[in-house]
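Visitor: I'd like a close look at one part of this model. Could you pick a single helix, walk me through it, and then step back to what surrounds it?

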2 protein chains.
Amino acid sequence: MARKKQYNEAEVLEKAMFLFWSNGYETTSTRMLEKEMGINQFSIYASFGNKEGLFVECVKLYKQKIKSITDILEESKNPITGIKQYFYDFIEFSGKNEIPKGCLITNTINEFGTAKETVITNDAISFTQHIRSLFYNNLKLDVTKDIETLNKQADYLIVAIASLAVSSKIFPKELVNTYIEHTFINI
Amino acid sequence: MARKKQYNEAEVLEKAMFLFWSNGYETTSTRMLEKEMGINQFSIYASFGNKEGLFVECVKLYKQKIKSITDILEESKNPITGIKQYFYDFIEFSGKNEIPKGCLITNTINEFGTAKETVITNDAISFTQHIRSLFYNNLKLDVTKDIETLNKQADYLIVAIASLAVSSKIFPKELVNTYIEHTFINI
DNA sequence: CCCATAACTAAGCAACTGATTAGTTATAAA
DNA sequence: TTTATAACTAATCAGTTGCTTAGTTATGGG
């Protein structure tokens with residue numbers, strides 16, 4: 001009946017995701033997206049509605065990508081070392097093959113702030129809570145810990161990783177490694 | 001000979017600083033600055049050259065403001081607790097009487113990234129190094145520590161505070177406190 | 001009082017933003 | 001082949017950005 005799409009939505013979405021991840025939401029203009037995705041603005045709006053809609057899809061894709069790392073954590077039977085591995089894997093993931101970009105989720109929370117409540121930030125915050133629960137469950141593998149300790153340590157670790165996610169892009173790798181090693185001394 | 005300035009440069013600069021601190025560099029438009037500073041754009045450009053020039057002056061003012069906290073750290077004869085106090089004072093300072101704004105310096109490094117080298121980021125990074133040296137000197141008050149330990153701990157603490165400076169604005173106060181308490185368990 | 005001079009106001013500049021439009025082209029069912 | 005329809009292109013929308021300019025107003029030494 002009609003013409004076929006000349007582009008693959010999944011492909012162009014991935015390109016958009018990397019652009020948002022590198023530059024943040026506001027800094028990434030629709031013209032930059034056009035160029036990077038290799039399609040006309042009209043096509044972007046036809047496929048994703050608007051800039052925010054495109055970004056929401058990018059965050060979904062990001063979560064999928066990071067799932068391989070969280071899966072390892074979820075399946076780990078090794079308390080603490082599982083979380084430590086997550087820290088290292090995450091840092092590796094955040095700067096793969098290029099300049100560290102931090103974490104798309106925490107970058108976003110940081111860019112918008114918590115005051116400005118949007119679909120984007122609410123989604124991002126709930127993802128952070130999800131990671132915290134994975135930490136909690138991993139820590140619980142050590143049956144000698146009471147609930148209060150588990151909560152305190154989970155709180156500590158989620159602040160540590162969320163903070164590091166943002167700051168890892170501005171510090172050299174050795175410094176980040178020193179930080180991670182020290183973080184797990186007393187857990 | 002000529003007309004007198006109708007505004008006080010120090011006063012309007014302080015207002016600009018709070019605006020940049022709350023919103024970041026890019027998000028703060030010259031129209032917002034006009035409104036907040038209560039003067040015409042022409043006057044802003046007459047006094048500070050351009051937007052970047054104004055921002056540089058704001059960062060200078062910020063450093064002056066934060067000096068009262070770093071002074072306490074510098075004068076402290078108490079290893080570790082002096083630094084811990086700095087953490088708490090800094091968090092207090094970053095969210096005084098209002099929504100936490102983080103740290104103007106680390107916010108800036110974060111917004112611009114390290115790749116984009118400007119007067120602003122270089123200045124900000126050297127300030128971070130300055131704080132690290134204050135940490136180092138405080139840790140050194142404990143004469144039993146060797147140089148390697150001092151460096152590792154100073155590295156750990158500078159990443160911790162720089163990270164926390166950014167993330168403190170997105171986490172509730174109790175969580176931040178939990179993080180700080182845990183940070184100093186093994187120092 | 002006069003007037004050179006600097007401080008002011010408001011309008012405007014080109015470049016960019018997210019988003020839309022009118023017009024053209026390719027596709028596949030009839 | 002015809003034709004309805006969706007996918008495409010490029011121009012354009014109004015609004016905003018950092019910054020400048022032309023024109024007006026206040027000041028204080030002569």
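Guide: Happy to. One bit of bookkeeping: the expected span of a helix is 1.5 Å times one less than its number of residues. Keep in mind, too, that this is a predicted model. Now take helix α1 of chain A, residues 9-23. With 15 residues, α1(A) should span 21 Å, and its end C-alpha atoms are indeed 21 Å apart, so expectation and model agree.

Which residues of α1(A) are buried? They are V12(A), A16(A), M17(A), F20(A), W21(A) and S22(A). An α-helix has 3.6 residues a turn, so residues three or four places apart point the same way. As for what covers the buried residues of α1(A), α2 (30-37), α4 (51-75) and α6 (104-112) of chain A are included. Just past the helix, G24(A) adopts a positive phi of about 85°.

Follow α6(A) outward and you get to the other protein chain: α6, α8 (147-167) and α9 (173-183) of chain A each give two or more residues to the side that touches chain B. In that pairing, 27 residues of chain A contact 27 of chain B. The biggest giver on chain A's side is α8(A), with ten residues. By class, that side has 15 nonpolar, eight polar and four charged residues.

Then there's the DNA. Around strand D sit 24 residues, and A2(A), Q6(A), F42(A), S29(B) and K51(B) come nearest. Here α3(A) gives the most, with four residues. The surface near strand D divides into ten nonpolar, eight polar and six charged residues.

Notes
Residues numbered from 1 in each chain as written. Chains lettered and ligands numbered in written order. Predicted model: local features only at pLDDT ≥ 70, side-chain atom pairs only at ≥ 80, totals over all residues. Buried ≥ 20, exposed ≤ 12 C-beta atoms within 10 Å, placed from the backbone. Contact = placed C-beta atoms within 7 Å. Near = placed C-beta within 6 Å. Nonpolar A, V, L, I, M, F, W, Y, C, P; charged D, E, K, R; others polar.
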